[in-house]
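Let's take a look at how the strands and the greasy middle of this protein fit together. Have the structure open while you read.

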Amino acid sequence: MKLNEKMLSNLATSFLTPVDKEGWLMKRGEVNRTFLKRWFVLKGNLLFYFDKKFDKEPVGVIILEGCTVELAEEESCYCFKIVFSGPNTAGLRTYVLGTETQQEAENWMKMITCASYDYLKVMVAELQRQVDELTGHSYFMFFSMLNEEDELK
């Protein structure tokens, strides 16, 4: 799917799409290495950031795929970083974000880690394994048997 800036702005501020987490974070600039306070909104695997809480357009968006979340060594706040790695990540920046408390940083790190499609895929596979173990057969096998019965009727 191809997205343009207007579509992303609508998605970022729409009341129709649920917010997974939102709040103030400090974001270290890429060029100017100082921290600036930004309003962040996590929706699915998209992390939007704004200058102010009620702005209509985000300053930027971070797509949370192919990344890890790690603690960052900074003296000014409780910091963590979003690091992109892999074959197609050359040139992607590392985002350093910070909070006022350790608890806030841990909450954000957990939510961002759980936001990626890859994480959800792993969780679904693990839940499927548990269901298979409890029932003694594959959930998908059960549905394929139901489909075969419907076809015979």
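Start with a single pair: Val41 has Phe48 of E3 as its bridge partner. Keep in mind that this is a predicted model. From that pair we can work outwards, to the neighbouring strands and then to the cores.

**Strand pairing around E3**
- E2 and E3 run antiparallel, and five bridges hook them up.
- Two residues sit between these strands in their hairpin, where Gly44 takes a positive phi near 65°.
- E3 also pairs with strand E4 (residues 60–63), again in the antiparallel sense, over four bridges.
- Phe48 turns up here too, with Val61 as its bridge partner in E4.

**Which way E3's side chains point**
- In a regular strand, side chains alternate between the two faces of the sheet.
- Leu46, Phe48 and Phe50 point one way from E3, while Leu47 and Tyr49 point the other way.
- Whichever way they point, all of them are buried, so E3 counts as mostly covered, with five of its five residues buried.

**The cores**
- The largest nonpolar core has 18 residues, and Leu47, Ile62 and Trp108 are among those with the most contacts inside it.
- E2, E3, E6, E7 and helix H2 (102–113) each supply at least two residues of this core.
- H2 gives the most to this core, with four residues.
- Leu47 touches residues including Phe40, Val61, Ile82, Leu97 and Ile112, leaving out those up to four places away in sequence.
- There's also a second, separate core of seven residues, which includes Leu8, Trp39, Val41 and Leu46.

Key. Residues numbered from 1 in each chain as written. Predicted model: local features only at pLDDT ≥ 70, side-chain atom pairs only at ≥ 80, totals over all residues. Heavy atoms only, no water. Core = buried A, V, L, I, M, F, W, Y, C linked by side-chain atoms within 4.5 Å. Buried < 20%, exposed > 50% of the residue type's maximum accessible area, 1.4 Å probe, protein only. Contact = heavy atoms within 4.5 Å. Pairing = 2+ DSSP bridges.
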